[in-house]
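Welcome, and please open the model in your viewer. We will go from selection to selection along the places where protein and DNA meet.

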2 protein chains.
Amino acid sequence: MSKPPLPHSEKTRAALIAAGLHLFSQLGYAGASTRAIAGRAETNVASIAYHFGSKEGLRTACAEEVARLIGEAVGQAGPQPVGPSQARAAIKSTLTRVAGFLLGDVAPPDAIGFMLRELSEGGPAADLVYARMIEPTHQRLCVLWAVATGLAEESEQVRLAVFALMGQLFYFRIAERIVRRRMRWQAYGPGEISKIIDTLTRGIESALAGG
Amino acid sequence: MSKPPLPHSEKTRAALIAAGLHLFSQLGYAGASTRAIAGRAETNVASIAYHFGSKEGLRTACAEEVARLIGEAVGQAGPQPVGPSQARAAIKSTLTRVAGFLLGDVAPPDAIGFMLRELSEGGPAADLVYARMIEPTHQRLCVLWAVATGLAEESEQVRLAVFALMGQLFYFRIAERIVRRRMRWQAYGPGEISKIIDTLTRGIESALAGG
DNA sequence: AACAATTCTTCAAACGACTGTTTGAAAAGC
DNA sequence: GCTTTTCAAACAGTCGTTTGAAGAATTGTT
């Protein structure tokens with residue numbers, strides 16, 4: 001697992017992407033200046049144009065990095081469920097996995113922040129995130145939800161219920177500041193995350209039992 | 001209901017706030033230039049400094065306008081519920097009211113967009129929105145939820161459940177683009193909104209019945 | 001192994017365009 | 001005649017990008 005010694009140019013590339021993820025997510029695309037990014041990466045402004053062609057090119061490179069992380073974290077699908085109880089278990093494990101990615105430290109916080117900002121700005125990474133994370137996860141959960149409830153997989157009811165489910169998870173990340181303030185939590189630690197997952201799991205069980 | 005004829009200076013003020021709400025919500029604070037805002041308001045750039053002192057002053061004025069709209073839409077609390085079934089009904093009506101505000105055309109879309117962006121950027125309007133909308137609504141729903149379930153009002157379980165509930169609503173707005181794409185909806189019309197409310201209502205009923 | 005030729009990478013400096021803000025004069029309202 | 005409001009123009013500063021030279025790394029030839 002020892003990382004091969006990167007050529008110095010690759011170090012600069014990686015540092016620029018890391019700085020881009022951080023500052024884009026903190027200040028937005030327009031708010032993060034190339035000089036600030038280069039400064040955080042401890043290199044010259046011109047390096048951005050050299051390595052990525054332009055600021056927009058760096059944005060795309062950041063998006064690809066995030067897409068790569070998403071692929072690692074939520075890519076592999078589980079086995080096809082054969083019955084409602086298996087489907088129920090699969091829903092919970094998918095939820096836990098996505099929660100770990102969105103709320104925990106599976107992925108660098110800057111990467112999640114960048115992703116959410118691109119989604120809300122409709123930036124070029126939005127399509128990538130949609131295609132690689134949202135759409136597949138949603139589709140898979142729809143299948144599981146349909147098996148667990150007996151409803152039709154492509155019915156509006158199922159698709160909306162799954163959105164409501166995923167929405168809770170996204171919200172706990174998007175509104176982290178608000179939640180932490182109201183809950184008087186200093187951070188999302190493992191304990192807090194499992195409390196959130198418990199809450200969501202309770203909701204799922206009720207929904208599956210009742211509907 | 002006829003609006004008193006505004007002095008011309010008030011028209012400029014209002015036009016600048018409207019343009020600010022629109023462009024801040026579309027491009028973010030940093031991305032919206034004073035010239036673009038003045039152009040959309042069909043006035044001169046210097047008007048911003050004249051009426052609001054600075055660009056930041058316009059941002060604050062926009063925040064106050066949004067706070068005013070929120071106060072109108074979700075301000076008045078209903079009567080104190082005396083039993084679980086009344087609490088249940090009150091939860092649903094609160095949900096419907098907030099849904100109308102967040103998803104429908106009760107408030108100008110630009111105002112909602114501005115609000116969400118300020119929340120995610122942690123801008124100066126974030127505290128205002130939190131204090132006037134999130135905190136009171138959350139607190140009220142916690143009371144109702146506690147009455148409906150018999151749980152303690154200030155328990156973590158109740159507060160998290162209410163966050164999960166509100167989160168679904170916020171998410172359907174934040175991720176409108178994504179939802180519309182996956183649902184193949186062209187817009188959030190009255191029909192679509194009531195389908196969303198139905199989904200959330202079903203979830204609430206299950207949760208209250210099961211938990 | 002040693003040296004020169006060549007490519008790849010970094011850098012300070014400068015480019016024009018655009019940023020938020022200020023100015024003083026013209027226009028409008030009273 | 002006076003105050004309030006608008007406007008074109010200019011301000012200093014920052015923006016993303018380009019430039020050409022200097023530095024570092026690699027290659028090819030001895």
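A residue counts as near a strand if one of its heavy atoms lies within 4 Å of it. This is a predicted model, in which local features need pLDDT of at least 70 and side-chain atom pairs count only at pLDDT 80 or more, while totals for chains, interfaces and linings use all residues. Residues are numbered from 1 along each chain as its sequence is written, chains are lettered from A and ligands numbered from 1 in the order in which they are written, and side-chain values use heavy atoms, without hydrogens and water.

**First stop: DNA strand C**

Select DNA strand C and its surroundings: 18 residues, the closest being Thr12(A), Tyr50(A), His51(A), Thr34(B) and Lys55(B). Of the strand C atoms within 4 Å of the protein, 51% are sugar or phosphate and the rest belong to bases.

Now show polar contacts (pairs of N or O atoms within 3.5 Å). The side chain of Tyr50(A) places an N or O atom 2.8 Å from a phosphate oxygen of strand C. On a base nitrogen of this strand, you will find a side-chain N or O atom of Arg35(B) at 2.8 Å.

**Second stop: DNA strand D**

Which residues come nearest to DNA strand D? Among the 18 around it, they are Thr34(A), Arg35(A), Lys55(A), Thr12(B) and Tyr50(B). Sugar and phosphate make up 52% of the strand D atoms within 4 Å of the protein.

Zoom in on Thr34(A), where a backbone N or O atom sits 2.7 Å from a phosphate oxygen of strand D. Then pick Arg35(B): a side-chain N or O atom is 3.4 Å from a base nitrogen of strand D.

Conventions
A polar contact is a pair of N or O atoms within 3.5 Å; within protein, one must be able to donate a hydrogen and the other to accept it, and residues adjacent in sequence count only if both atoms are side-chain atoms.
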